[in-house]
Amino acid sequence: MSKIAQAFKNKKKCFIPFVTAGDPDLAVTKELILAMAAAGADIIEIGIPFSDPVAEGEVIQRANVRALGAGTTTDKIFAMLAEVRLVTQVPLVFLTYVNPIFMYGAEKFMQKCQQTGVDGVIVPDLPYEEKTELLDCCWAYGIDLISLIAPTSADRIQMIAKEAMGYIYVVSSLGVTGVRSNITTDIGAIVATIRDVTDIPVAVGFGIATPEQAEQMAGLSDGAIVGSAIVKIVEQYGKAAAGPVTEYVEKIIVAVRSAK
């Protein structure tokens, strides 16, 4: 059983935070990953900074600019995560784009993921119809290619869900990432549609910022994903972000664990 599958099996509901690697620098990213893992995060998503992050809102776009400005590269991220793996075995998932993977070399990238202990990858701009270009490399190196499912037709939801790996990332709202005051999508209906064809865990992200939202979304699924709200804290506190992020994450974890 993969570490991702084990995380969902071990917890009634999972909390999955996101940070952008290299924002404000990789030393802080390492500190944040270890702090969130120690606080109880079940899986941690890590964004590889990219100059054209089409799925991400302004908060994470600014984080990408800061990270790239600090000299962050994919090789430096792998080196940092090798250090993380000396301390924690929390499941790690990259969020990146097709271009950086193929520029790096898809097979080399997945091999490095395996060597460094990265358990999965999310590629928002990879169409379902073209995923076989990465899937063979993922299978070869035991990396879960995690599917995104947005509010769309039931036929397409089930088509994607049938072949899902690791967990399914359900997008709570159409558009790019970012904090939202209200999440109006019928998440329960989407999860029910997925459950008709697979028992792969489902986690909900995009727009979750408050403990109440996290509890609600976890109650409708197997877990909650929080990104922009954490990246905003990092933007505010910079190199001193670990304490405020930990405090925030602890509150979210309490809410997620209490979800029915």
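## Close-up views of a predicted model

**View 1. Arg 257 counts as partly exposed, with a relative accessibility of 27%, in a structure that is a predicted model.** The side chain of Arg 257 meets that of Asp 42 in a salt bridge, with a distance of 2.9 Å from N to O. This pair links distant parts of the chain, since Asp 42 sits in the loop between H2 and S2 while Arg 257 belongs to helix H12, 215 residues away in sequence. Unlike its partly exposed partner, Asp 42 counts as buried, because its relative accessibility is 7% and the cut-off for burial is under 20%.

**View 2. Asp 42 also forms a salt bridge with Lys 11, in which the N to O distance is 4.0 Å.** Lys 11 is located in the loop between helix H1 (3-10) and strand S1 (14-20), and Asp 42 in the loop between helix H2 (26-39) and strand S2 (44-47), so the bridge ties together parts of the chain that lie 31 residues apart in sequence. Lys 11 has a relative accessible area of 33% and is therefore partly exposed, whereas Asp 42 is buried.

**View 3. Glu 129 and Arg 156 are joined through their side chains by a salt bridge of 2.9 Å, N to O.** Here too the pair links distant parts of the chain: Glu 129 lies in the loop between strand S4 (120-122) and helix H7 (132-141), and Arg 156 lies in helix H8 (residues 154-162), with their positions 27 residues apart in sequence. Arg 156 counts as partly exposed, having a relative accessibility of 29%.

**View 4. Asp 23, Glu 58, Arg 62, Arg 66 and Glu 235 are joined into one network by salt bridges that share partners.** A search of the whole structure finds 14 salt bridges.

**View 5. Asp 144, a residue of strand S5 (residues 144-146), is buried yet takes part in no salt bridge.** The nearest side chain of opposite charge is that of Lys 3, which is 11 Å away, while a salt bridge needs a side-chain nitrogen within 4 Å of a carboxyl oxygen. When neighbours within four places in sequence are left aside, Asp 144 is in contact with Ser 2, Ile 4, Asp 119, Gly 120, Val 121, Met 165 and Gly 166.

**View 6. Helix H10 (residues 211-220) has four named residues in its buried set, namely Gln 213, Ala 214, Met 217 and Ala 218.** These residues cover an arc of only 125° around the axis, which puts them on the same side of H10. Among the elements that cover the buried residues of H10 are helix H9 (187-195), strand S8 (202-205), strand S9 (223-226) and helix H12 (242-257).

**View 7. The whole protein, shown as the setting for the close-ups, has 12 helices and 9 strands.** Its C-alpha trace spans about 45 × 40 × 35 Å along the principal axes. For 260 residues, a compact globule would have a radius of gyration near 18 Å, and the 17 Å of the protein agrees with this. Of these 260 residues, 58% count as buried, and the accessible surface of the protein comes to about 10700 Å², with 53% of that area belonging to carbon and sulfur atoms. Among contacts with a separation of 6 or more, 73% are between residues 24 or more positions apart.

Definitions and conventions
Residues numbered from 1 in each chain as written. Predicted model: local features only at pLDDT ≥ 70, side-chain atom pairs only at ≥ 80, totals over all residues. Heavy atoms only, no water. Helix = DSSP H or I, 4+ residues; strand = E, 2+ residues; numbered from the N terminus. Buried < 20%, exposed > 50% of the residue type's maximum accessible area, 1.4 Å probe, protein only. Lys, Arg positive; Asp, Glu negative; His and termini not counted. Contact = heavy atoms within 4.5 Å. Arc of directions from axis to C-beta. Rg over C-alpha atoms; globule rule 2.2 N^0.38 Å. Areas by Shrake-Rupley, 256 points an atom, 1.4 Å probe, with all protein chains shown as cover.
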